[in-house]
Amino acid sequence: MSKHFRVFYWVLLLGVFLEQSYGFLHLNETELLEIQQESSYSYGINNNKPLMIALTLIQSAAAKGAVCLDGTLPGYHLHRGYGSGANSWLIQLEGGGWCNSIRNCVYRKKTRRGSSTYMEKFVPFVGILSHNAEENPDFFNWNRVKVRYCDGASFTGDSENKAAQLQFRGQKIWLAAMEELMDKGMRYANQALLSGCSAGALASILHCDEFSGLFSSNIRVKCLSDAGLFLDALDVSGGHSLRNMYSGVVGLRVPNTHQGVAGVPRLCDAHDPTSCFFPQNLIDRVQTPLFVLNAAYDSWQIQSSIAPPSADPHGFWHDCRLNHAKCNPSQMRYLQGFRTEMLNAVKGFAMSRKNGLFINSCFAHCQTERQDTWFADDSPTVGNKAIAIAVGDWYFDRTGVKTIDCPYPCDKTCHNLVFK
């Protein structure tokens, strides 16, 4: 099996169209990564077919104002645990970028990322959601839940735009989903893990302490962020592409009211909610044990934060941003600097015994949701330890995990993402 996954030509035609708008660019590039993840779910050990789990809509959500961008009901997919995992719960918050303008939020509400009307009725449970002990050794028999993402702001915000018929109700969706799952049996959990990928990973950090607060203090509750360590870094033009994008996301959803700022998780600084989208400002303050999993050369951040077309009008970074093998020495030094910035961002966090860390030197994004990167015969390893084993060792306190890979190109186990 090749370790380089390529997006089909027709997807890139869509990308050319969407890149006409800067806002659409962020949505599109996340979608490119998701297409790779979802089209490759069959990669894994023994070619096992994944379970396809049905979508459940949260019927009580509408009365609470907890609706998707287009006003439809939010939803989730649940596969019940059994045996020793019958009272254990794993909640995976779906990712999928953000929308930062009325224009691209209106576009988004006609997709599965903004409306349950367009969500798949069944999704495969693979990687950390797999039911197979050979593919998911520590969590296979837990109650496993995928909460769908349809607010465009990492499950935050509480406002609306009546003229554009847009509902920005991420915080209410989070609360409605948790209430629903508590009613479905999560209130009886003896251990729980809140996880997420990309925008969902950011949400898992933002809501980590809130999640822990749902349970009594004697329950083991931890959180996992996969590809959510978005850095407040300069782009190749010296600008702040990602911060500018997040400013748009926040501006749409966090209105000032007579009661203060609405829709902001308690972990955030109400005076600067945009900085809340950069986990480097948050992770040291999370009280609940947290595991940060990230590729040192995060594919999404290279494409959408470090070297987006808006910061590279002459296309000097075009080939490099799509394929690391085409980066020249100067560009690679820049990316090594980004890795150093990431390591500096987690220094304080890593000093806490309760926290876990796994940063591998790969060009990847979201490694828990793919079977081939989570746990397979040739999955990525650092020190001969696969990601699934590292997460399990940390969660069950088998051993501390503070794993930092050597710089590229030393790691030969990576499943690097390559775009055409």
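Arg370 is buried (under 20% relative accessible area, where over 50% is exposed and anything in between is partly exposed, with a 1.4 Å probe and protein chains only), its own relative accessible area being 4%. The side chain of Arg370 meets that of Asp372 in a salt bridge, with 3.0 Å from N to O, and Asp372 is likewise counted as buried, at 0% relative accessibility. This is a predicted model, in which local features need pLDDT of at least 70 and side-chain atom pairs count only at pLDDT 80 or more, while totals for chains, interfaces and linings use all residues. Residues are numbered from 1 along each chain as its sequence is written, and side-chain values use heavy atoms, with hydrogens and water left out.

**Salt bridges**

- The structure holds 17 salt bridges, a salt bridge being a side-chain nitrogen of Lys or Arg within 4 Å of a carboxyl oxygen of Asp or Glu.
- Arg113 and Glu94 are joined by a salt bridge of 2.8 Å, N to O; Arg113 lies in the loop between helix H3 (102-108) and strand S4 (122-125) and Glu94 in the loop between strand S3 (88-93) and H3, so the pair ties together parts that are 19 residues apart in sequence.
- Both partners have low accessibility values, Arg113 counting as buried at 1% and Glu94 as buried at 3%.
- Salt bridges that share partners link Glu94, Arg112, Arg113, Glu120 and Arg148 into one network.
- Between Arg187 and Asp183 there is a salt bridge whose closest N and O atoms are 2.8 Å apart; here Arg187 is partly exposed, at 43%, and Asp183 is exposed, at 55%.

**Asp312, a buried acid without a salt bridge**

- Asp312 sits in the loop between helix H8 (299-306) and helix H9 (318-322), where helices (H or I, at least four residues) and strands (E, at least two) are DSSP runs numbered from the N terminus.
- Although buried, Asp312 has no salt bridge, and the nearest side chain of opposite charge, Arg321, is 5.8 Å away; for this purpose Lys and Arg count as positive and Asp and Glu as negative, with His and the chain ends not counted.
- A polar atom of the Asp312 side chain lies 2.8 Å from the backbone nitrogen of Trp317.
- Apart from neighbours within four places in sequence, Asp312 is in contact (heavy atoms within 4.5 Å) with Val236, Trp317 and His318.

**Helix packing around H8**

- The axes of H8 and helix H10 (residues 329-345) come within 12 Å and cross at roughly 110°, the axes being lines fitted to C-alpha atoms over the stretch in contact and the angles running from 0 to 180 degrees between N-to-C directions.
- That crossing makes H8 roughly perpendicular to H10, a label given to angles of 65 to 115 degrees, whereas those under 35 count as roughly parallel, those over 145 as roughly antiparallel and the rest as oblique.
- On the H8 side the contact is made by Gln301, Ile302 and Ile306, and on the H10 side by Tyr334, Leu335, Phe338 and Met342.
- Helix H7 (residues 241-253) packs on H8 at an angle of about 85°, with the axes 8 Å apart, and Ser241, Leu242 and Met245 in H7 meet Trp300, Ser304 and Ser305 in H8.

**Backbone features**

- Most residues other than glycine have a negative phi, and most peptide bonds are trans.
- Phe155, which is not a glycine, has a positive phi of about 60°; Phe155 lies in the loop between strand S5 (143-147) and strand S6 (159-161) and is buried at 0%.
- The peptide bond from Tyr408 to Pro409 is cis, with omega near 15°, and Pro409 is found in the segment after strand S16 (402-404).

Definitions and conventions
Polar contact = N/O pair within 3.5 Å; in protein donor to acceptor, adjacent residues only side chain to side chain.
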